[in-house]
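Me: I have a structure open and would like to go through it piece by piece. Please keep the answers short and end each one on what I asked for.

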Amino acid sequence: MERQQEMPNRLDDRYRHTNTNRDMLEKGAILQRDGTYAIAPHLPGGIITDPDLLVKLAETAKKYKCPALKVTSSQRIALVGLKKEDVDAAWQDLGMKPGAAIGLCVRSVKFCPGTTFCKRGQQDSVGLGTKIDEKFHGMTLPSKFKVGISGCPNQCMDSMMIDFGAIGMPKGFKVYVGGNGGRKPRLGQLLAEELSSEQVFSLLDRVVQFYKDQAKTNERLGDFIDRTGFDNFKAAVLPEQNITH
Ligand code: SF4
């Protein structure tokens with residue numbers, strides 16, 4: 001199965017400095033309070049166009065007697081309460097890849113309905129988010145890294161509170177970098193505006209490469225920008241041409 005081939009069969013670099021004692025990270029299984037496990041398949045954008053996929057999730061949850069299915073903040077649907085001995089079989093039945101919920105990597109690429117479904121959408125967040133998810137989801141990086149693509153300034157994907165966020169505006173996307181939630185919330189800084197989807201994608205590529213090359217282990221993007229200096233960061237990731245900043 002494709003999932004089986006892509007899942008790491010041992011701890012890889014993404015799992016350095018994470019709690020390897022109890023989560024079964026290599027199986028994408030997260031320990032719960034009661035000693036059972038939760039698994040959350042990769043579900044880009046939380047969008048399901050085939051209702052049979054929902055049926056499969058429900059049937060797998062029923063088969064292994066999961067007491068709950070949980071919609072996560074990363075737009076996934078987690079099967080909660082799996083017994084340890086059922087984790088492999090549940091993944092086998094699902095035939096899906098795990099979402100990168102843990103470890104030092106691109107954890108989630110959230111995107112809103114944008115111009116595909118939402119009446120307020122100003123840019124194609126689904127198209128951009130899907131493309132970003134395909135390339136970057138799960139990529140090993142110095143620390144956890146999240147992406148949020150919103151189709152309009154309402155920012156339903158918390159695009160200013162996330163490592164790399166884009167916001168759809170009438171003339172293109174604004175891009176913010178270095179935001180995060182958690183214990184020390186940090187607002188992202190405006191890096192560029194009036195970008196096409198292609199320009200946002202290229203900019204993310206340069207941000208990721210620079211961050212990957214220069215950041216310390218466990219240094220979140222916002223901290224890296226503070227250490228580097230925002231002007232130096234901008235100079236490194238913004239090409240001369242066609243990007244206003
Ligand atoms: S951010 Fe805007 S386009 Fe996206 S779901 Fe929210 S209101 Fe709709």
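Me: Which residues are the closest to the ligand?
Reply: This is a predicted model. In it, 13 residues surround the ligand. The closest of them are Cys-112, Cys-118, Gly-151, Cys-152 and Cys-156.

Me: How many residues of the shell around the ligand are charged?
Reply: The shell divides into three classes. Five of its residues are nonpolar and seven are polar. The charged class holds one.

Me: How many helices and strands does the protein have, and what share of its residues counts as buried?
Reply: The protein has eight helices and nine strands. It runs to 245 residues. The share of these that counts as buried is 44%.

Me: Among contacts between residues at least 6 apart in sequence, what percentage joins residues at least 24 apart?
Reply: The count takes in contacts between residues at least 6 apart in sequence. Of these, the part that joins residues at least 24 apart is 58%.

Me: Which members of the largest nonpolar core touch the most other members, and which helix gives the most to this core?
Reply: In soluble globular proteins, nonpolar side chains tend to be buried together. Here the largest nonpolar core has 63 residues, and Ala-38, Ile-39, Leu-79 and Val-175 touch the most other members. The helix that gives the most to this core, with six residues, spans 197-214 and is H6.

Me: From which domains does this core draw at least three residues each?
Reply: The core of 63 residues draws on two domains in this way. They are domain 1 (2-94) and domain 2 (106-237).

Me: Leaving aside neighbours within four places in sequence, which residues are in contact with Ala-38?
Reply: Ala-38 is one of the residues that touch the most other members of the core. With neighbours within four places in sequence left aside, its contacts are Ile-30, Gln-32, Ala-78, Leu-79, Val-80 and Leu-82.

Me: Why do the buried residues of H7 lie on the same side of the helix, and what covers them?
Reply: Helix H7 (residues 221-228) has Leu-221, Gly-222, Phe-224 and Ile-225 as its buried residues. They lie on the same side of H7 because they cover an arc of only 160 degrees around the axis. What covers them includes E6, strand E8 (172-177), H6 and helix H8 (230-237).

Me: Which residue just after H7 takes a positive phi?
Reply: The phi in question is about 95 degrees. The residue that takes it, just after H7, is Gly-229.

Me: Is Gln-155 buried or exposed, or partly exposed?
Reply: Gln-155 sits in the loop between strand E6 (145-150) and strand E7 (164-169). It has a positive phi of about 55 degrees although it is not a glycine. A residue needs 20 or more other C-beta atoms within 10 Å to be buried. Gln-155 has 19, so it counts as partly exposed.

Me: What is the phi of Asp-158?
Reply: Asp-158 lies in the loop between E6 and E7. With 17 C-beta neighbours inside 10 Å, it counts as partly exposed. Its phi is positive in a residue other than glycine, near 50 degrees.

Me: How far is Gly-46 from Lys-110 in space, C-alpha to C-alpha?
Reply: Gly-46 is in the loop between strand E2 (37-39) and helix H2 (51-63). Because it has 15 other C-beta atoms within 10 Å, it is partly exposed. Leaving aside neighbours within four places in sequence, Gly-46 is in contact with Gln-75 and Arg-76. Lys-110 is 64 residues away along the chain, and the C-alpha separation is 8.1 Å.

Me: Why does Val-71 count as exposed?
Reply: Val-71 is in strand E3 (residues 68-71). Its C-alpha atom lies 9.1 Å from that of Gly-46, with the two positions 25 residues apart in sequence terms. A residue is exposed if 12 or fewer other C-beta atoms lie within 10 Å of its own. Val-71 counts as exposed because its C-beta neighbours inside 10 Å number 12.

Me: How many C-beta neighbours does Gly-182 have inside 10 Å?
Reply: Gly-182 is found in the loop between E8 and strand E9 (189-195). Its C-alpha atom is 9.7 Å from that of Met-161, 21 residues apart along the chain. Gly-182 counts as exposed, because its C-beta neighbours inside 10 Å number 9.

Key:
Residues are numbered from 1 along each chain as its sequence is written. This is a predicted model: local features need pLDDT of at least 70, side-chain atom pairs count only at pLDDT 80 or more; totals for chains, interfaces and linings use all residues. A residue is near a molecule or strand if its C-beta atom, placed from the backbone, lies within 6 Å of it. Ala, Val, Leu, Ile, Met, Phe, Trp, Tyr, Cys and Pro count as nonpolar, Asp, Glu, Lys and Arg as charged, and the others, Gly among them, as polar. A nonpolar core is a set of buried Ala, Val, Leu, Ile, Met, Phe, Trp, Tyr and Cys residues joined through C-beta atoms within 7 Å. Helices (H or I, at least four residues) and strands (E, at least two) are DSSP runs, numbered from the N terminus. Domain bounds come from an automatic or database domain assignment. Two residues are in contact if their C-beta atoms, placed from the backbone, lie within 7 Å. The arc is that of the directions from the helix axis to the C-beta atoms.
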